[in-house]
Amino acid sequence: MHEIVEGPKPKHAQLREILRRLAEQDLAPGSPIPSERDLAERYGVSRITVRAAVGQLVAEGLLTRAKGRGTFTARRRYDLQLLLASFTSDMKARGLEPSTEVISSGQAAPGSKASLGLDADEYAYRVVRLRRADGAPLALEAGWYSPHLLPELDRCDLSGSLYELFAAKYGVQLDEARQTVWAETADADTAKALDVRKGSPLLVFRRVASAQGRPCEDVTSWYRGDLYQVTMQLDRTVPGPGPNSAKGGTR
């Protein structure tokens, strides 16, 4: 067991490094750490010192506090790859078991018909789904889908990969997308679906995808901010002009 000693390095900084090693090397993601009282007794420091050390690691995202339950090591974050790939294939590639709950599906009038190239009196298919990995809710998605490319979509089994369904049933292979990313906080309904507190941070992706130049999908996805991060490779290339100068997706 590491000890805290008198010296130039503050005790809270020594304890912070001990707890960092504990969280990074010894405990699995989501594991509880010892209580404030136990840490104070074990290392011979005040509870104020413990609180300072733990607070710094919470601020770094290495630990998380759950009201009334204690402090835990943060769950592993998944990298959102900016590729036009399905959630199902992405989770399987990570060694996780994907599953999908279809919350609703049917025909409705989208607020913006332009993204799917629809006439004013046309409807689209609306599909709302909850995506899980190893049983844990990761993302809520609400999508609009073209009735021209995907007729009778609402009669299909929508609990698996939509991209695989599009290819197998309709011969539609999505090959291009424009994606916008922003952050927002969870409202009451989204928080309940994703099993997080209201106001929790979310990563939101809106993607409009097409197949051979024909618009097919306009979907918005809300990802849990405590479980996801986005990593991008940057260079000094100046993007070209036009609406399709930035592309990507994670469906």
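These are my notebook entries on a few spots I looked up in this predicted model.

**Entry 1: aromatic pairs**

I began with the rings. The count comes to four aromatic pairs. One of them joins Y163 and F166, and I logged this pair as tilted, with 6.2 Å from centre to centre and 40° between the planes. Where do Y163 and F166 sit? Both belong to helix 5 (residues 162–170), and because they are three residues apart there, about one helical turn separates them. I checked exposure too: Y163 is buried, and F166 is buried as well.

Next I turned to F205 and Y223. Their ring centres are 5.6 Å apart and their planes stand at 80°, so I wrote this pair down as edge-to-face. The cut-off behind that label is an angle over 60 degrees. This pair links distant parts of the chain, since F205 is in strand 8 (residues 201–211) and Y223 is in strand 9 (residues 214–224), with the two positions 18 residues apart in sequence. Are these two rings buried or exposed? F205 has a relative accessible area of 2%, so I count F205 as buried. Y223 comes out at 1% relative accessibility and is therefore buried too.

I also followed the ring pairs outward from helix 5. They link Y145, Y163 and F166 into a cluster.

**Entry 2: a charge over a ring**

Which residue lies over the face of Y170? I found K169 there, at 5.6 Å from the ring centre.

**Entry 3: helix 3 and its partners**

I then looked at how helix 1 (residues 11–26) meets helix 3 (residues 47–60). Their axes come within 8 Å and cross at roughly 50°. That angle makes helix 1 oblique to helix 3. The crossing of helix 1 past helix 3 is right-handed. For anyone who wants to click through the contact, the helix 1 side consists of K11, H12, L15, R16, L19 and R20. On the helix 3 side I listed T49, V50, A52, A53, V54, Q56, L57 and E60.

Helix 2 (residues 36–43) also packs against helix 3, at an angle of about 115° and with the axes 9 Å apart. I therefore noted helix 2 and helix 3 as roughly perpendicular to each other. Here, too, helix 2 passes helix 3 in a right-handed crossing. Which residues meet in this contact? From helix 2 they are E36, R37, L39 and A40, and from helix 3 they are R47, V50 and R51. V50 caught my eye, as I had already listed V50 in the contact with helix 1.

**Entry 4: positive phi**

I looked up two backbone angles next. D134 has a phi near 50°, which is a positive value in a residue other than glycine. I placed D134 in the loop between strand 5 (124–133) and strand 6 (136–145). The relative accessible area of D134 is 51%, so D134 is exposed.

Q212 gave me a phi near 50° as well, again positive in a residue other than glycine. Where is Q212 placed? Q212 belongs to the loop between strand 8 and strand 9. With a relative accessible area of 74%, Q212 is exposed.

**Entry 5: three single residues**

A186 came up in the loop between strand 7 (176–185) and helix 6 (188–194). Is A186 buried or exposed? Its relative accessible area is 3%, so A186 is buried. Setting aside neighbours within four places in sequence, I found A186 in contact with A191, V196, R197, K198, G199, S200 and L202. I also took one long distance: A186 and G70 are 116 residues apart along the chain, and 23 Å separates their C-alpha atoms.

S210 lies in strand 8. S210 has 11% relative accessibility and so counts as buried, the cut-off being under 20%. Once neighbours within four places in sequence are left aside, the contacts of S210 are L174, D175, E176, P215 and C216.

My last stop was D195, in the loop between helix 6 and strand 8. D195 is exposed because its relative accessible area is 59%. Which residues does D195 touch, not counting those up to four places away in sequence? I noted P137 and R224. For a sense of span, D195 and I48 are 147 residues apart in sequence and 32 Å apart in space, C-alpha to C-alpha.

Definitions and conventions: Residues numbered from 1 in each chain as written. Predicted model: local features only at pLDDT ≥ 70, side-chain atom pairs only at ≥ 80, totals over all residues. Heavy atoms only, no water. Phe/Tyr/Trp six-rings, centres within 6.5 Å; stacked < 30°, edge-to-face > 60°. Helix = DSSP H or I, 4+ residues; strand = E, 2+ residues; numbered from the N terminus. Buried < 20%, exposed > 50% of the residue type's maximum accessible area, 1.4 Å probe, protein only. Lys NZ or Arg CZ within 6 Å of the ring centre and 35° of its normal. Axes fitted to C-alpha atoms, helices over the stretch in contact; angles between N-to-C directions. Parallel < 35°, antiparallel > 145°, perpendicular 65-115°, else oblique. Left-handed = near helix turned anticlockwise from the far one by under 90°. Contact = heavy atoms within 4.5 Å.
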